[in-house]
Amino acid sequence: MARNTHQSIDRRMPAVLALVALLALVACSADSMSSAYLQANSAALHQGASATAQPMQFIVEPGASARSVAAQLEAAGLIQDARLFEAYVRASGLAGKLQAGAYTSART
């Protein structure tokens, strides 16, 4: 009987190891992917989205997430890459510190 138990465990071991690896990957992947994306696109952090220097008002609603602010900034033409903005905000520890309010920015 002991031999059958060991054979059963031996057959399941690759599946168990694959599951453990998958869980570890999922736990680390979001932060790792954001960090890698941020690093690969770091030069774009200092580029303006538009050549027009026209001031524009932008409103951050109370409770807005970094993702929603990024999407709204991109839609308004104030940034070129919402994912890059979100990755920067998260990597900088600013995601939970975004403040609601009305902002005026010149496009550069």
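Contact here means heavy atoms within 4.5 Å. The model is predicted.

**Exercise 1. Lay out the fold.**
Task: State how many helices and strands the protein has, and in what order they run.

Solution.
- Step 1. Count the elements. There are 3 helices and 2 strands.
- Step 2. Read from the N terminus. The order is α-β-α-α-β.
- Step 3. Look at the contacts between residues at least 6 apart in sequence. Of these, 68% join residues at least 24 apart.
- Step 4. Turn to the surface. The accessible area comes to about 8,000 Å², and carbon and sulfur atoms hold 59% of that area.
- Step 5. Check burial. The protein has 108 residues, of which 14% count as buried.

**Exercise 2. Find the buried face of α2.**
Task: Name the buried residues of α2, say how they are arranged around the helix, and identify what covers them.

Solution.
- Step 1. Pick out the buried positions. In α2 these are Ala66, Val69, Ala70 and Leu73.
- Step 2. Look down the axis of α2. The buried residues fall within an arc of 100°, so they line one face of the helix.
- Step 3. Turn to the face pointing away from that buried side. The exposed residues Arg67 and Ala75 sit there.
- Step 4. Ask what lies over the buried residues. The cover includes β1 (55-60) and α3.
- Step 5. Follow the chain past the helix. Gly77 comes after α2, and its phi is positive, near 80°.

**Exercise 3. Describe the packing of α2 and α3.**
Task: Give the angle and axis distance for this helix pair, then list the residues that meet.

Solution.
- Step 1. Set the geometry. Helix α2 spans residues 66-75 and helix α3 spans residues 82-91. They pack at an angle of about 145°, and their axes are 8 Å apart.
- Step 2. Assign the hand. The crossing of α2 past α3 is right-handed.
- Step 3. List the α2 side. It contributes Ala66, Arg67, Val69, Ala70, Ala71, Leu73 and Glu74.
- Step 4. List the α3 side. It contributes Ala82, Phe85, Glu86, Val89 and Arg90.
- Step 5. Sort the contact by class. It has 8 nonpolar residues, 4 charged residues and no polar ones.

**Exercise 4. Compare two charged residues of α3.**
Task: Decide whether Glu86 is buried or exposed, and do the same for Arg83.

Solution.
- Step 1. Place both residues. Glu86 lies in helix α3, and Arg83 is also in helix α3.
- Step 2. Recall the cut-offs. Buried means under 20% relative accessible area, and exposed means over 50%.
- Step 3. Apply them to Glu86. Its relative accessibility is 9%, so Glu86 is buried.
- Step 4. Apply them to Arg83. Its relative accessibility is 56%, so Arg83 is exposed.
- Step 5. List the contacts of Glu86 beyond four places in sequence. They are Ala66, Arg67 and Ala70.
- Step 6. Relate Arg83 to α2. Arg83 and Ala66 are 17 residues apart in sequence, and their C-alpha atoms are 9.8 Å apart.

**Exercise 5. Work through the loop after α3.**
Task: Locate Leu94 and Ala95, and say how far each is in space from its listed partner, Ala66 for Leu94 and Ser65 for Ala95.

Solution.
- Step 1. Place the residues. Ala95 is in the loop between α3 and β2 (101-106). Leu94 is in the loop between α3 and β2 as well.
- Step 2. Classify Ala95. Its relative accessibility is 23%, so Ala95 counts as partly exposed.
- Step 3. Classify Leu94. Its relative accessible area is 36%, so Leu94 counts as partly exposed.
- Step 4. Take the C-alpha distances. Ala95 and Ser65 are 30 residues apart in sequence and 7.3 Å apart in space. Leu94 and Ala66 are 28 residues apart in sequence and 8.6 Å apart in space.
- Step 5. Leave out residues up to four places away in sequence. Ala95 then touches Ala66, Val89 and Arg90.

**Exercise 6. Check the loop before α2.**
Task: State where Gly63 lies and whether it is buried or exposed.

Solution.
- Step 1. Place the residue. Gly63 is in the loop between β1 and α2.
- Step 2. Classify Gly63. Its relative accessibility is 84%, so Gly63 counts as exposed.
- Step 3. Find a partner far along the chain. Gly63 and Ala100 are 37 residues apart, with 7.4 Å between their C-alpha atoms.

Technical notes: Residues are numbered from 1 along each chain as its sequence is written. This is a predicted model: local features need pLDDT of at least 70, side-chain atom pairs count only at pLDDT 80 or more; totals for chains, interfaces and linings use all residues. Side-chain values use heavy atoms; hydrogens and water are left out. Axes are lines fitted to C-alpha atoms, for helices over the stretch in contact, and angles run from 0 to 180 degrees between N-to-C directions. Helices (H or I, at least four residues) and strands (E, at least two) are DSSP runs, numbered from the N terminus. A crossing is left-handed if the near helix is turned anticlockwise from the far one by less than a right angle, and right-handed if clockwise. Ala, Val, Leu, Ile, Met, Phe, Trp, Tyr, Cys and Pro count as nonpolar, Asp, Glu, Lys and Arg as charged, and the others, Gly among them, as polar. Buried means under 20% relative accessible area, exposed over 50%, partly exposed in between (1.4 Å probe, protein chains only). Accessible areas come from the Shrake-Rupley method with a 1.4 Å probe; for residues, only the protein chains shown count as cover. The arc is that of the directions from the helix axis to the C-beta atoms.
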